[in-house]
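Biologist: I'm new to this one, so could you walk me through it slowly?

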Amino acid sequence: METSRKLIRKQSLEKLYNQLSATRKVYAPVIADDKQVEFKYNPGFAEVTFEHIRSTLSVKNIAFPKVENLFLYSNGKTESTITDIDLNKIPEVVLWGSHPCDNAAFDALRSIFEWDIKDEFFSKRMEKLVVIGLSCHLSDAYCFCTSVGLAPNSSKGSDILLSPLHNGDYQADILTEKGASIVNSFSELFESTSGEEVVLTTVKQKFDHEKVTSKLNGAFEHPFWVENSLRCIGCGACAYVCPTCACFDIQDETRGKNGKRYRSWDSCGFSMFTLHTSGHNPRNVQSARWRQRIMHKFSYMPDRNQSLGCVGCGRCSSGCPVDMNIAEQLEALQNI
Ligand code: SF4
Ligand code: SF4
């Protein structure tokens with residue numbers, strides 16, 4: 001589809017939000033009581049923030065929920081009955097005000113969940129998702145989108161990308177059929193562009209991701225991994241906040257005759273993640289687990305999925321309890 005550009009005034013943006021949230025689930029960022037930024041379903045427009053750098057958790061749970069039932073079962077004396085989850089009941093969701101790094105992360109997730117076998121749970125949720133992204137006019141030292149081929153106004157993953165203008169209005173780039181359908185439904189709220197300038201932040205490039213990827217080839221046994229992971233406590237927070245981490249565990253939970261099989265987020269940073277039933281653990285030290293995290297995102301995924309596994313959001317570094325900083329490590333890795 002040919003992309004197009006319109007203007008939406010601040011008052012019209014509020015009308016658009018209110019009309020969308022009157023008829024659909026709209027997932028938008030708010031500043032919670034503890035000052036953390038979190039996404040909530042259908043908050044009032046006055047609560048929605050346009051001033052956040054990053055939410056504490058990413059928005060990947062829309063397409064890949066923390067816990068998701070795969071099927072239900074009931075055990076009889078001689079046989080079991082299985083009930084599939086009705087994926088047609090997954091509602092349409094409008095993701096509002098998510099930043100370009102988080103929107104690009106849906107492409108990275110797609111490269112995993114639709115790589116060899118199409119994960120129908122993920123694909124259905126993506127089909128029902130409309131992304132109205134927001135370019136960044138704020139950033140901090142943890143941001144490094146420009147080191148992984150993105151920018152504060154990248155349009156990857158957005159259906160409509162809003163960018164703030166100096167006068168308080170917004171530029172709206174209409175990027176997909178889904179985005180065009182929203183604009184057509186509320187066409188009275190959109191106007192021709194005015195030539196007003198967009199306000200964008202600047203994010204310094206910290207490393208060259210292609211150099212990192214090429215350095216990782218042959219760096220498996222490098223002392224870097226031990227030297228740079230000694231303080232990692234294996235808490236898994238980096239994976240849980242990450243918009244592109246896709247590891248999950250599958251469990252059965254049975255009560256009496258009935259039960260459910262579900263999957264839930266997991267992390268390659270956990271010591272039990274690769275523990276075999278025999279007791280053998282191929283990644284039996286934290287340095288091997290840290291190496292896996294970096295290798296997967298910057299070597300295995302580019303090779304196998306033609307996608308990086310990182311969008312430079314900086315959440316893993318800002319959320320790490322012992323201050324492991326992935327961008328600093330990648331910068332060092334390109335020079336080993
Ligand atoms: S958040 Fe920090 S301490 Fe926890 S597993 Fe990740 S790198 Fe290690
Ligand atoms: S690895 Fe860290 S910086 Fe990269 S996408 Fe995940 S949370 Fe963001």
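Modeller: We can take the sheets, then a helix, then the ligands, keeping in mind that this is a predicted model.

Biologist: Okay, there's a sheet with 7 strands; what order do they come in?

Modeller: The order across that open sheet is E1-E9-E8-E7-E6-E2-E3, and the pairing within it is mixed. Strand E1 (4–8) and strand E3 (37–41) are the edge strands, each of them pairing on one side only. From one strand to the next, the twist averages 20 degrees.

Biologist: Which strands does helix H4 touch there?

Modeller: Helix H4, residues 177–185, packs on the sheet and touches E1, strand E7 (129–134), strand E8 (160–164) and strand E9 (170–174), and its direction makes about 125 degrees with that of E9.

Biologist: Let's stay with E7 for a bit; how many of its residues are buried?

Modeller: The count is 6 of the 6 residues, so E7 is largely enclosed by the rest of the structure. Leu-129, Val-131 and Gly-133 point one way from the strand, while Val-130, Ile-132 and Leu-134 point the other way, and all are buried.

Biologist: And what does E7 pair with, parallel or antiparallel?

Modeller: E7 runs parallel to E6, to which 5 bridges join it, and it also runs parallel to E8, with 3 bridges between them. Gly-133 appears in both pairings, as the bridge partner of Ser-98 and as the residue opposite Leu-161 in E8.

Biologist: What about E2 and E6, how are they paired?

Modeller: Strand E2 (residues 25–31) and strand E6 (residues 93–98) pair in the parallel sense over 3 bridges, and one position to look for is Tyr-27, whose bridge partner in E6 is Leu-95.

Biologist: Remind me, what holds strands together in a sheet?

Modeller: Strands of a sheet pair through backbone hydrogen bonds, in either a parallel or an antiparallel arrangement.

Biologist: Then the sheet of 4 strands, what's its order?

Modeller: That one is an open sheet as well, with the order E5-E4-E11-E10 and antiparallel pairing. Its edge strands, each pairing on one side only, are strand E5 (80–84) and strand E10 (248–255), and the twist averages 25 degrees from one strand to the next.

Biologist: How many bridges join E4 to E11?

Modeller: There are 7 bridges between strand E4 (residues 67–75) and strand E11 (residues 258–265), and these two strands run antiparallel. If you want a landmark, find Tyr-73, whose bridge partner in E11 is Gly-259.

Biologist: Switching to helices, which residues of H10 are buried?

Modeller: In helix H10, which covers residues 326–333, the buried residues are Ile-326, Ala-327, Leu-330 and Leu-333. Looking down the axis of H10, you find these buried residues within an arc of 120 degrees, so they line one face of the helix.

Biologist: What do they pack against?

Modeller: The buried residues of H10 pack against helix H5 (209–216), helix H6 (224–227) and helix H9 (315–319).

Biologist: Last topic, the ligands: what surrounds ligand 1?

Modeller: Among the residues around ligand 1 are Cys-232, Cys-235, Cys-238 and Cys-320, together with others including Ile-233, Pro-321, Val-322 and Met-324. By class, that shell has 9 nonpolar and 3 polar residues, and no charged ones.

Biologist: And ligand 2, which residues are closest?

Modeller: Of the 13 residues that surround ligand 2, the closest are Cys-242, Cys-310, Cys-313, Arg-315 and Cys-316. The shell around ligand 2 is made up of 8 nonpolar, 3 polar and 2 charged residues.

Definitions and conventions: Residues are numbered from 1 along each chain as its sequence is written. Chains are lettered from A and ligands numbered from 1 in the order in which they are written. This is a predicted model: local features need pLDDT of at least 70, side-chain atom pairs count only at pLDDT 80 or more; totals for chains, interfaces and linings use all residues. A residue is near a molecule or strand if its C-beta atom, placed from the backbone, lies within 6 Å of it. Ala, Val, Leu, Ile, Met, Phe, Trp, Tyr, Cys and Pro count as nonpolar, Asp, Glu, Lys and Arg as charged, and the others, Gly among them, as polar. Two strands pair if DSSP finds at least two bridges between them. Axes are lines fitted to C-alpha atoms, for helices over the stretch in contact, and angles run from 0 to 180 degrees between N-to-C directions. A residue is buried if 20 or more other C-beta atoms lie within 10 Å of its own, exposed if 12 or fewer, and partly exposed in between; C-beta atoms are placed from the backbone. The arc is that of the directions from the helix axis to the C-beta atoms. Two residues are in contact if their C-beta atoms, placed from the backbone, lie within 7 Å.
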